[in-house]
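Me: I'm new to this structure and would love a close look at one part of it. Could you walk me through it step by step?

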Amino acid sequence: MTAAAERTAVEPGAGDILAVAREQVLDRGEGLTEQQVLEVLRLPDGRLEELLQLAHEVRMRWCGPEVEVEGIVSVKTGGCPEDCHFCSQSGRFPTPVRAAWLDIPGLVEAARQTAATGATEFCIVAAVRGPDRRLLSQVRAGIEAIRAAGIDIQIACSLGMLTQEQVDELVAMGVHRYNHNLETARSHFPSVVTTHSWEERWETLRMVREAGMEVCCGGIIGMGETVEQRAEFAAQLAELDPDEVPMNFLIPQPGTPYEDFEVVEGAEALRTVAAFRLAMPRTMLRFAGGRELTLGDLGAEKGMLGGINAIIVGNYLTNLGRPAQQDLDMLQDLRMPIKALNETL
């Protein structure tokens, strides 16, 4: 029998990780430890359906049936000075993306279209190391214009690393949530980015949390990390305790150092999503970039039934997504209600 066949033939026993997770996570609401997440990530494909079912039960028990829908738009695209090896917006790589700014009317229209899908969250994103005065002024003017237009949606931002003064400015603007991804495990980060550190990102997230904004922090799966580093990353995110974790899967971008990387296989992606759910039972876990390429239509449904409870609809920053209506139809078919806008707006 081959090693793969032996793995597939494993039967659950007294110390079976899914039995442990059912009691620890589902019953008590305590997330798995790093070592336990690693055991889940090593489960054979033959137990994937069982894992996904447990992750779905955990999501329903500790988060409920609602799904948060979000749209994103880039206010400043390309020309970023950082060398994130996965990113086509880095000015250091010969990618097809060129620097461009979105004007205020375009930003308002993007927010209007996002709200029309039923989304409750609209994220303004910029490809920068951190915001300068011009960018913050653009964001402020955009938020004011969105509010003046009567568009009923919460505003999130993703503008890179922040100073305390910039954090305070965003709070004053009424920014509901701030996205700043750690991207990968601390031990793997220097292989992915060299122009800034994992610790610098963590510091921005600390300031955001202390200022009262919701914290959105996730990463990208499939950037050459080991399975042990995926477990490490899940544990580090659980320690951060973000309100939302976007789950991205690498889309190999032409011109970047990762352009020849292989796409994560569907079963591997689903197993990772479920493992992250078991590590963070109460966290909003969002399908983000790369899911269409990695999972396809059926995989998206499996993910929604395997721990996911939030989704980005429409296009991503420099990549096309599925039509928004297709995802909304999927949620309706799965009888998953879209989260209503909360009254703290």
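How many residues does helix 6 have, and what distance does it reach from its first C-alpha to its last?

Reply: Happy to help! Please keep in mind that this is a predicted model. Helix 6 runs over residues 133–148, so look for 16 residues there; from first C-alpha to last it reaches 22 Å, which is close to the 22 Å expected at 1.5 Å a residue.

Next, look at which residues are hidden. Leu135, Leu136, Gln138, Val139, Gly142, Ile143 and Ile146 are buried in helix 6. Because they cover an arc of only 155 degrees around the axis, they sit on the same side of helix 6. Turn to the face that points away from this buried side, and you will find the exposed residues Arg134, Glu144 and Ala148.

What lies over the buried residues? Their cover includes three helical and strand neighbours that come before helix 6 in the numbering, namely strand 1 (68–77), strand 2 (100–101) and helix 5 (104–116). Also included are strand 3 (121–126), strand 4 (154–158) and helix 7 (164–173).

Now for the two ends. At the start of helix 6, Asp132 has a side-chain oxygen that comes within 3.3 Å of the backbone nitrogen of Arg134. Arg134 is also one of the exposed residues on the face turned away from the buried side. At the other end, just after helix 6, you meet Gly150, which takes a positive phi of about 75 degrees.

Definitions and conventions:
Residues are numbered from 1 along each chain as its sequence is written. This is a predicted model: local features need pLDDT of at least 70, side-chain atom pairs count only at pLDDT 80 or more; totals for chains, interfaces and linings use all residues. Side-chain values use heavy atoms; hydrogens and water are left out. Helices (H or I, at least four residues) and strands (E, at least two) are DSSP runs, numbered from the N terminus. Buried means under 20% relative accessible area, exposed over 50%, partly exposed in between (1.4 Å probe, protein chains only). The arc is that of the directions from the helix axis to the C-beta atoms. Contact means heavy atoms within 4.5 Å. A polar contact is a pair of N or O atoms within 3.5 Å; within protein, one must be able to donate a hydrogen and the other to accept it, and residues adjacent in sequence count only if both atoms are side-chain atoms.
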